[in-house]
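Trainee: Before I rely on words such as "buried" or "polar contact", I would like to see how each of them is earned. Could we go through them one at a time?

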Amino acid sequence: MFKKILIANRGEIACRIMRSARDMGVASVAVYSDADRDALHVHEADEAVHIGASSALESYLKIENIIEAAKSTGAEAIHPGYGFLSENPNFVEAVEAAGMVFIGPSADAIRAMGLKDAAKKLMEDFGVPVVPGYHGSNQDAEFLAKEAEKIGYPVLIKARAGGGGKGMRLVERPADFASALEGAAREGQASFGDGHVLIEKFISSPRHIEIQVFGDSHGNVVHMFERDCSLQRRHQKVIEEAPAPGMNEKMRSAMGEAAVKAAKAVDYCGAGTVEFIVDGGGDLRPDGFWFMEMNTRLQVEHPVTEMITGFDLVALQLRVADGEKLPVAQNELSINGWAFETRIYAEDPANGFLPSVGDLTNFVMPEKIARVDAGIGYGGSNNSSLTISPHYDPMIGKIITHGKNRDEALAKMRAALDETYISGVRTNVAFLSAPCRQPVFEKSSPRQLRYQDQWLRPRQSAPLIHDQSGRYQRHPA
Ligand code: ADP
């Protein structure tokens with residue numbers, strides 16, 4: 001096993017990776033920007049190297065500085081986390097050229113899955129079902145409008161380089177096509193430097209179900225079952241769970257096999273996720289799921305898979321990156337219970353979800369009843385590691401609960417969110433709590449469930465406060 005690795009990331013995922021490294025006796029090197037001098041990941045690492053100014057472009061995205069930091073500390077491998085350079089094939093090549101191991105897939109695999117149109121074409125060739133639509137190279141507006149007619153409305157226009165729900169437009173009538181196309185292309189160009197789009201049939205009553213896959217360098221690939229991320233707001237995940245409600249064995253093995261096929265198509269090594277859109281209009285059926293894209297990295301929501309399979313995915317990443325064979329075969333994997341994850345953000349749901357930056361004055365997380373993967377915490381001098389910086393994604397951390405069944409895991413999540421007490425910045429805790437109390441989410445599957453803004457209202461006026469005795473209570477409205 002490696003003796004020392006560098007983690008080219010910050011916040012919760014950097015701390016998460018260090019925890020597994022520490023368990024395995026692997027030393028970790030943190031990198032940090034000006035703004036992160038006193039950040040939690042710097043305190044948790046065995047060594048830390050300053051790599052540049054606060055802007056991510058000058059630090060966490062600066063390939064040369066990261067390679068230099070790894071060389072100067074004698075790190076043998078680099079873990080990219082998620083975001084930043086994690087899906088940048090040029091980074092993988094730079095790491096390898098410097099004689100180190102990239103903890104993740106090959107540059108070729110990342111490239112093959114990097115653009116939604118090319119990835120869909122490849123999947124089609126390998127017999128993986130893809131969402132019906134047009135994913136060719138012709139970008140002529142009139143041609144695309146004709147393709148949309150052929151597909152049949154409603155359609156979804158997607159920027160091929162898109163991510164995080166950006167560059168996507170739902171079009172319900174032909175009359176709206178031209179302006180939606182322009183909007184999607186413009187957003188793709190502005191956010192990803194690529195205005196190419198593809199068009200998909202809009203699956204009504206969609207569910208987002210993704211499969212965790214794992215490959216090693218000996219050609220073995222297994223899947224570690226599904227995560228359901230259907231509860232979304234503006235195409236972004238709000239609450240994730242595993243397994244998926246209403247899943248049956250036929251569907252699970254069909255999706256698992258398709259995901260393994262997708263991974264094998266690109267000789268995938270390491271942790272990856274194959275995302276499918278699923279027809280949630282009725283019972284799940286093996287002919288009702290289609291490939292959307294593959295994320296060639298560890299996902300934010302990987303902990304729910306860890307909770308139901310008992311595997312530490314970061315530890316597995318390190319082991320296969322070091323050349324080991326996967327320690328488990330498909331028929332040895334099984335699902336134990338149910339897990340939920342919520343992502344705690346420093347943002348203001350009542351004000352357009354604007355990031356809320358600054359210093360936390362109280363930070364109480366529900367560690368006693370849930371798994372908490374946080375990126376900030378008590379630890380720095382003057383507790384300055386309790387700061388939300390304006391320079392980066394304002395995620396505070398994640399809460400993960402596990403129970404023997406869905407009801408139990410969800411009840412724990414409700415309790416865990418109630419115990420969470422953060423002040424100094426605004427957070428989305430009440431926003432996350434609201435769906436956990438919605439009968440449609442509690443009782444049935446997340447079928448057709450999209451976040452409803454009105455769910456939030458009754459609780460907005462009743463934030464948690466800390467009373468004198470140290471208990472939490474609702475502030476009288
Ligand atoms: P991004 O890479 O920007 O996250 P995705 O292609 O993964 O975009 O899609 C994001 C979300 O949008 C999905 O999880 C799903 O909820 C919705 N979505 C994507 N494609 C379709 C489709 N063809 N029909 C209906 N909903 C879709």
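Mentor: What follows takes each term in turn and sets the computed value beside its cut-off; please keep in mind throughout that this is a predicted model.

Trainee: Why is leucine 6 called buried?

Mentor: Leucine 6 is found in strand β1, and its relative accessibility is 0%. Buried means under 20% relative accessible area, so leucine 6 counts as buried.

Trainee: What is leucine 6 in contact with, once its neighbours within four places in sequence are left aside?

Mentor: Contact requires heavy atoms within 4.5 Å, and on that basis the partners of leucine 6 include Val29, Val31, Ile66, Ala69 and Ala70, together with Ala75, Ala77, Ile78 and His79. As for valine 31, that residue is 25 residues from leucine 6 along the chain, yet their C-alpha atoms are separated by 7.7 Å.

Trainee: How do you know that the buried residues of α3 line one face of the helix?

Mentor: The buried residues of helix α3, which spans residues 63–73, are Ile63, Ile66, Ile67, Ala69, Ala70 and Thr73. Seen down the axis of α3, they fall within an arc of 155°, and therefore they line one face. The general background is that an α-helix has 3.6 residues a turn, so residues three or four places apart point the same way.

Trainee: Which exposed residues does the other face of α3 carry, and what covers the buried ones?

Mentor: The face turned away from the buried side carries Glu64 and Ser72, both exposed. The cover over the buried residues of α3 includes the strands β1, β2, β3 and β4, as well as helix α4. Just after α3, glycine 74 takes a positive phi of about 75°.

Trainee: What makes the pairing of glutamate 306 and arginine 371 a polar contact?

Mentor: Such a contact is a pair of N or O atoms within 3.5 Å, one able to donate a hydrogen and the other to accept it; the side chains of glutamate 306 and arginine 371 are joined at 2.9 Å, so the pair qualifies as a polar contact. The side chain of glutamate 306 also reaches the backbone nitrogen of leucine 313, at 2.7 Å. Glutamate 306 lies in helix α10 and, with 6% relative accessibility, counts as buried.

Trainee: Which side chains make polar contacts with the side chain of arginine 16?

Mentor: The side chain of arginine 16 meets that of histidine 302 at 3.3 Å and that of aspartate 312 at 2.9 Å. Arginine 16 sits in helix α1 and is buried, with a relative accessible area of 4%. Among the residues that arginine 16 touches are Glu306 and Arg371, while the contacts of glutamate 306 include Arg16 and Arg371.

Trainee: How do you know which residues belong to the shell around the ligand, and how many are there?

Mentor: A residue is included if one of its heavy atoms lies within 4 Å of the ligand, and 23 residues surround the ligand, the closest being Lys116, Lys158, Gly165, His208 and Gln232. They divide into eight nonpolar, seven polar and eight charged. At least two shell residues come from each of the strands β7, β9, β10, β13 and β14.

Trainee: Where do polar atoms of the protein approach the ligand?

Mentor: A polar side-chain atom of glutamate 200 lies 3.0 Å from a nitrogen atom of the ligand, and a backbone N or O atom of lysine 201 lies 2.9 Å from a ligand nitrogen atom. In the side chain of glutamate 275, an N or O atom is 3.2 Å from an oxygen atom of the ligand. On its own the ligand has 560 Å² of accessible area, of which the protein covers 96%.

Trainee: Why is phenylalanine 225 called buried, and what is its phi?

Mentor: Phenylalanine 225, in strand β11, has 9% relative accessibility and so counts as buried; its phi is positive, about 70°, although it is not a glycine. Phenylalanine 353, in the loop between β16 and β17, likewise has a positive phi, of about 60°, and is buried at 14%.

Trainee: Which peptide bonds are described as cis?

Mentor: Among them are the bond joining tyrosine 153 and proline 154, where omega is about -5°, and the bond from alanine 242 to proline 243, with omega near -5°. Proline 154 lies in the loop between α7 and β7, and proline 243 in the loop between β12 and α9.

Technical notes
Residues are numbered from 1 along each chain as its sequence is written. This is a predicted model: local features need pLDDT of at least 70, side-chain atom pairs count only at pLDDT 80 or more; totals for chains, interfaces and linings use all residues. Side-chain values use heavy atoms; hydrogens and water are left out. Buried means under 20% relative accessible area, exposed over 50%, partly exposed in between (1.4 Å probe, protein chains only). Helices (H or I, at least four residues) and strands (E, at least two) are DSSP runs, numbered from the N terminus. The arc is that of the directions from the helix axis to the C-beta atoms. Accessible areas come from the Shrake-Rupley method with a 1.4 Å probe; for residues, only the protein chains shown count as cover. Ala, Val, Leu, Ile, Met, Phe, Trp, Tyr, Cys and Pro count as nonpolar, Asp, Glu, Lys and Arg as charged, and the others, Gly among them, as polar.
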